[in-house]
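Visitor: I am new to this structure, and I would like to be walked through some of its local features, one question at a time. Could you take me through them slowly, with the reasoning behind each answer?

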Amino acid sequence: METKFRESINKALHNPNLTGALGRFSEAYRISRQKAYEGYDFEALRTQIAERKSYAASHLDELADLFTKNAEARGTKVFRTNDPAKVREYILNLARENGVKSIVKSKSMASEEIHLNKHLELAGIEVGETDLGEWIVQLAGQTPSHMVMPAIHMTKEEVATVFNEQVEEGQKPDIPKLVKFARAKLRTKFLNAEMGITGANIAVAETGTLVIVTNEGNARLVTTLPKIHVAIVGLEKLMEKFEDVVPVLTALPKSATAQLLTSYVSMISGPVPNTDGTPKQLHIILMDNRRTEMSQDPKFKQAMQCIRCASCLNVCPVFRLVGGHVFGKVYTGGIGTILTAWFDALKSSDDIQGLCIQCGNCTEVCPGKIDIPGLILELRRRLAVENGQPLAQKAIFSVVNNRSLFHSMLRAASLMQKPLQKDGFIRHLPFFLSEMTEFRSLPAIAEAPFRDTFKKIKQPAGKEKIAFYAGCLIDFAYPEMGESLVKILNKAGIEVVFPEGQTCCGAPARYSGAYEVAAQNANDNINALLANHVTYVVSACPTCTVALKKEFISTFESLGQTASLPRAHELANKVIDFSSLVKKLVDEGRLKFKEGQQLGKITYHDSCHLKRTLHVSQQPRELLTQAGYEVAKMYEADMCCGMGGSYSLKLPEISAPILERKLTNIKNTGAPLVVMDCPGCVMQIRGGLDKQTSTIKVEHTVQRLACELE
Ligand code: SF4
């Protein structure tokens, strides 16, 4: 990670205006978005959008031709190019031919993408942004930090200072007055401009219509007052039919700003006369800039389903801390990272892809149904192929890939750590490692791993056998969680099998883009776990469960290792997470809770992979309630705790404030005990609470339930 990039992260984290404004906005957004969608079937709506946009992405050429034919039939000039330089050249030539000295613009990410303003200004043409946020950012000499709210990172005080310095003295930090001032100044610009430039939200092929959505009405003035209107339209805006507009217009305002409707929806089908009766010039530039290539890429085609609502930014736990400017380019957030890799260069995403913590919040709200974290992993894979793996990482993975060496090293570390540990925690590490224990204590490596203690457990022979996949954390840090799991399944008459050949699930390698390593981990585990005849393979770590159930398959698919797929599917069909299995056993009457217990208050934290990838969130809550607990609702219970596997080691400066927020939310419930289904979250949250010398206890659900079952 480049030092400059790290510095920009730290600068953002230490800007209270930025973190304060974004934090407040993202909290309010989650609630108001939910309200805006009340009465709508979001899943059905986004399936419709994804299907229609996916169809368009598969027929780009055809739709671009149809759009051109229909728009030209109405008197519009359409220019199509793959080259951003040609877009700039076309607009500059048009301006020169028509003696244009002043241009007004409404918000257009496509124009930002090609740095149009700078190009025109260098040629001596005045360019004025008219979207209020864009104008503020332009006056401040900055770039937009957010796709929909370009100046969200600025406070009213900062805006007043910009107006005072760049436009006219005497402006106070009073929002209605600042808006009134901006409106008056922008009116003159609209009236004097000879050319208006816009983007478009949708381009309808069957009618040649542009659909432009704004809240301020500025696009109406930009498209009507100047005698020339130029629209720059990225090819991803093409949709086949006029009826396709409906689902996008239904979702866009709700997802973007949590509004039921946007204030202004303009539909432009051909030029209309100017106010003096002369004909208007309407030019539409269909800009490719690698969009066709993207639509032909089997992995990244889905990124063409984006409707640029920025919902993914609004719910991202990292974005709300660091804002958009750390992304360094035009597009920000998770989807911005993907667009930067395509519209700029793959290597431009090298640092910024590391910001994604893989929590999946974005995918849950995306109206285009885009698997943003999955695409970021694919970027990592391609970057690792292009750049090669860093040497240190290569060395680590070569150890992880050698199971006996890896396990011997963990056993040795268990002995070496003795002087550093107390009460099961390592609270301080020396030298350059000290950063790892600054914001949370680390768990000590267990004296004996689960694979050793398991051999000593005397199990009653059961008719049914279930294999247990422990994962590294339970095996080497929290063997007591594994012991609790065996105890519970034994109570249901099930014998637990622990296949010795199991090893790391490959998540660390996969999340670093090292797919070859992840594939070897997958093969080793498949061989070990399918060696016994068992009804299920259970895991009490959601990250491992997702690896076993989904990621082994996708890793083999990405590498084209199709021969490994049938056994990966065979394993996937047997894999179940711990809470779902216990819920099933309780429902079948094979497990019973002790009767009449009133156990008091408890609270539950949702692990990202369990809630969003495996869609399990009610089962553990129901089990705890059945056991006799009062499960107190935690604010943002399903928000990431900042662990993210090795993320908390790579970016502790981001992991720490995310954890801090989680700990506050836990404390606010008033519960003396917080439980969760993930040993990684236990490590992060328990370590954080220990660092704060809190008395709140942290347990895995498996430990809690083991105490409450008959
Ligand atoms: S990726 Fe999805 S959530 Fe993000 S801007 Fe695009 S459509 Fe909106």
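Visitor: Where does R308 lie, and is R308 buried or exposed?

Guide: This is a predicted model, and in it R308 sits in the loop between α13 and α14 (311-314). Although R308 is not a glycine, it has a positive phi of about 55 degrees. Since buried means under 20% relative accessible area, the value of 11% places R308 among the buried residues, so the answer is buried.

Visitor: Which loop holds R290, and how does R290 count in terms of accessibility?

Guide: R290 is found in the loop between β10 (281-287) and α13 (291-295). Its phi is near 75 degrees, a positive value in a residue other than glycine. The relative accessibility of R290 is 26%, and because the class between buried and exposed runs from 20% to 50%, R290 counts as partly exposed.

Visitor: What is the volume of the largest cavity, and which helix gives the largest share of its lining?

Guide: A search of the whole structure finds seven cavities of 30 Å³ or more, and the largest cavity holds about 220 Å³ of space. Of the 24 residues that line the largest cavity, those closest to its centre are C316, G334, C356, I357 and C362. At least two lining residues each come from α14, α16 (333-343), α17 (361-365) and α18 (372-387), and the largest share, four residues, is supplied by α16.

Visitor: Which element gives the largest share of the lining of the second largest pocket?

Guide: The second largest pocket contains about 1,200 Å³ of space, and of the 50 residues lining that pocket, the closest to its centre are D131, V148, M149, P150 and E216. Several elements give two or more residues to this lining, including the helices α2 (16-36) and α10 (175-192) and the strands β6 (209-214) and β7 (228-234). The largest share of the lining, four residues, comes from α12.

Visitor: How many disulfides are there, and which cysteine has the sulfur nearest to that of C544?

Guide: A disulfide calls for two cysteine sulfur atoms within 2.5 Å, and by this rule the count comes to zero. C504, which is buried with a relative accessible area of 5%, has its nearest cysteine sulfur, that of C472, 4.3 Å away. C544, at 6% relative accessibility, is buried as well, and its nearest cysteine sulfur lies 3.5 Å away, in C541.

Visitor: Which residue offers a backbone oxygen to the side chain of R451?

Guide: R451 belongs to helix α21 (residues 450-456) and is buried, with a relative accessible area of 3%. Leaving aside neighbours within four places in sequence, R451 is in contact with R403, H407, R411, D475, F476, F498, E500 and Q502. A polar atom of the R451 side chain lies 3.0 Å from a backbone oxygen, and that oxygen belongs to E500.

Visitor: What distance separates the C-alpha atoms of G642 and H428?

Guide: G642 is in the loop between β19 (629-632) and α31 (647-650), and G642 is buried, with a relative accessible area of 0%. Beyond its neighbours within four places in sequence, the contacts of G642 are I357, S648, S655, I658 and Q684. Along the chain G642 and H428 are 214 residues apart, while the separation of their C-alpha atoms is 20 Å.

Visitor: What span should helix α25 have, and how far apart are its end C-alpha atoms?

Guide: Helix α25 (residues 515-529) has 15 residues, which at 1.5 Å a residue should span 21 Å. Its buried residues include Y515, V517, A518, N521, A522, N525 and L529. The expected span agrees with the distance between the end C-alpha atoms of α25, which is 20 Å.

Visitor: What is the phi of G75, which follows α4?

Guide: The 14 residues of helix α4 (residues 60-73) should span 20 Å at 1.5 Å a residue, and the end C-alpha atoms are indeed 20 Å apart. The buried residues of α4 are L60, L63, A64, F67, T68, N70 and A71. After α4 comes G75, whose phi is positive, near 95 degrees.

Methods:
Residues are numbered from 1 along each chain as its sequence is written. This is a predicted model: local features need pLDDT of at least 70, side-chain atom pairs count only at pLDDT 80 or more; totals for chains, interfaces and linings use all residues. Side-chain values use heavy atoms; hydrogens and water are left out. The expected span of a helix is 1.5 Å times one less than its number of residues. Buried means under 20% relative accessible area, exposed over 50%, partly exposed in between (1.4 Å probe, protein chains only). A polar contact is a pair of N or O atoms within 3.5 Å; within protein, one must be able to donate a hydrogen and the other to accept it, and residues adjacent in sequence count only if both atoms are side-chain atoms. Contact means heavy atoms within 4.5 Å. On a 1 Å grid over the protein atoms alone, a cavity is a set of points where a 1.4 Å probe fits but cannot get out, and a pocket is an open set with protein on both sides within 12 Å along at least five of seven lines; lining residues have an atom within 4 Å of a point. Grid points are joined across faces, edges and corners, and a volume is the space filled by probe spheres set on the points.
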